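Work through the exercises below with the model open. Each task is followed by a solution in steps.

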Amino acid sequence: MHFPNLNEAKIRSSKKVEVITAKNIKSETHKGEKYFLKTYGCQMNVHDSEEIKAILENLGFTETKVLEESNIVVLNTCAIRENAHDKVFGFLGRVKHLKREKPELIVCVGGCMPQQDSVAKLLKDKYPYVDIVFGTHNINELGTMILNHHDTQEIEVYSIEGNVYEGIKYARDSKISAWVNIMYGCDKFCTYCIVPFTRGRERSREMSDILNEVDQLVKDGYQEITLLGQNVNAYGQDLKLGYDFGTLLEKVALTGIPRIRFVTSHPWNFTDEMINIIAKYDNVMPYIHLPLQSGSSSILRLMGRRYTKEEYLNLFTKIKENIPGVSITTDIIVGFPNETEEDFQDTLEVVKKCQFDGAFTFIYSPREGTPAAKIKDNVSLEVKEERLQRLNKLINEHSLMHNKEYLDKTVKVLITGPSEKGENKVCGYTETMKLVNIEDANEDIGKIINVKITEAKSFSLDGKKEIFINN
Ligand code: SAH
Ligand code: SF4
Ligand code: F3S
């Protein structure tokens with residue numbers, strides 16, 4: 001048994017990060033049995049689930065999408081907002097029924113939620129049918145925990161600063177587009193955010209390890225990689241080896257992988273060199289997710305974001321001017337404590353100026369243990385909801401406006417798979433990360449093709465494959 005502690009999770013020392021070789025335990029113990037895995041949260045969790053899949057498959061399990069068919073259930077959870085919690089506890093209700101019918105079912109809860117002491121304690125006190133609880137720091141131990149599991153509940157969650165695992169095996173969801181971790185954790189401590197507590201300190205993988213992984217993905221025929229970190233701009237700073245995100249991006253571009261993306265860029269330490277490298281290499285996609293959070297400098301200060309409204313606007317303009325055709329999306333929180341109508345107007349003003357290609361918008365959700373949770377949450381839910389609606393209306397107008405700019409144009413689309421919009425359709429993304437649905441292009445899955453855009457909607461485009469006739 002090991003319980004987390006949020007106060008310990010805050011510690012940032014100068015202790016050297018340990019690089020650990022991942023264990024890849026193989027066993028046939030669970031051959032013929034099925035796993036059901038559900039993932040909540042950000043891309044980081046989606047990628048962690050690819051590790052969880054490999055661990056389960058190494059023990060003999062195969063995947064099922066039907067909960068009732070499973071012998072083991074794994075929930076990889078997110079703690080970013082209260083509704084993420086609610087979803088997980090709601091789902092656990094369903095699992096409880098199943099466990100009653102099938103007592104041998106193994107139930108595992110991992111990821112960011114159990115990193116919070118209150119959640120780990122709640123799972124112990126109120127959810128005895130959850131067999132295994134693990135955190136973000138010991139995903140690699142999950143195989144051992146399953147093999148050693150008997151009847152008692154096992155809780156192993158560590159509030160450590162964090163290590164770096166190398167040699168992790170992933171069962172990747174796609175053969176076309178792959179996630180690549182470049183760093184873990186976060187040291188920014190934005191006052192509202194739980195991530196620095198659930199994921200530990202900022203720690204980068206060495207550049208050679210990342211490049212080896214990318215080289216292998218190129219050999220395996222991958223068309224696209226997305227470099228992952230909570231703030232990719234900070235890449236390399238902790239290693240003190242003389243390289244940074246710009247250096248890495250350039251080296252990755254030179255591997256020749258057709259498409260490179262990265263998330264997320266904090267507006268802080270976004271250097272001119274990074275902008276130049278994105279502009280210089282055709283395989284670095286002209287798409288940047290640049291979270292704004294608020295357009296009011298006083299709210300930004302309360303949020304601990306380390307930039308002002310003007311600094312954000314200057315960076316935005318610089319990026320637009322230097323990277324031809326770049327699309328920029330953002331994240332915005334409404335209803336942060338003390339946000340007045342005037343502050344919110346500042347946010348609307350920035351949104352009007354930037355005309356983002358898209359945005360994820362959220363109502364502020366206090367997270368226990370974060371500094372903001374100590375400030376009185378004095379904006380009523382009614383006001384928060386009303387602000388969110390006004391903001392979304394504007395955001396959607398801009399995204400439709402940008403999508404309309406694509407009408408009748410021919411763009412390059414990487415076809416990623418079947419579309420949800422009908423049997424005969426496939427879907428893919430433009431270089432600028434616009435979703436396109438295309439008819440009659442089934443044979444092009446995994447390829448980058450030219451597509452003529454025929455219709456523009458708020459959240460997607462329709463297009464036709466362009467056929468060249470050689471005379
Ligand atoms: N590292 C990324 C963000 C990861 S979390 C970055 O800094 O850009 C994704 C988004 O969730 C954040 O950008 C923020 O908009 C939102 N978010 C984080 N904590 C939140 C909270 N307590 N309430 C509401 N939204 C939150
Ligand atoms: Fe959270 Fe801020 Fe870190 Fe992003 S940069 S993960 S919002 S603390
Ligand atoms: Fe959620 Fe953890 Fe990601 S809290 S947003 S899954 S880092």
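Helices (H or I, at least four residues) and strands (E, at least two) are DSSP runs, numbered from the N terminus. This is a predicted model, in which local features need pLDDT of at least 70, side-chain atom pairs count only at pLDDT 80 or more, and totals for chains, interfaces and linings use all residues. Residues are numbered from 1 along each chain as its sequence is written, ligands are numbered from 1 in the order in which they are written, and side-chain values use heavy atoms, without hydrogens and water.

**Exercise 1.** Find which strands each supply at least two residues of the shell around ligand 1, and list polar contacts of ligand 1 (pairs of N or O atoms within 3.5 Å).

Step 1. A residue belongs to the shell if one of its heavy atoms lies within 4 Å of the ligand. The strands are β15 (327-334) and β16 (358-363).

Step 2. Ligand 1 is surrounded by 15 residues, and Gln230, Pro291, Gln293, Asp331 and Ser365 are the closest.

Step 3. The side chain of Asp331 places an N or O atom 2.6 Å from an oxygen atom of ligand 1. A polar backbone atom of Gln230 is 2.8 Å from a nitrogen atom of the ligand, and a polar backbone atom of Ser365 is 2.8 Å from a nitrogen atom of ligand 1.

**Exercise 2.** State which residues surround ligand 2.

Step 1. The shell consists of Cys186, Lys188, Phe189, Cys190, Tyr192, Cys193, Val195, Pro196, Gln230, His266 and Arg305.

Step 2. Gln230 is listed for ligand 2 and is also among the closest residues to ligand 1.

Key:
Polar contact = N/O pair within 3.5 Å; in protein donor to acceptor, adjacent residues only side chain to side chain.
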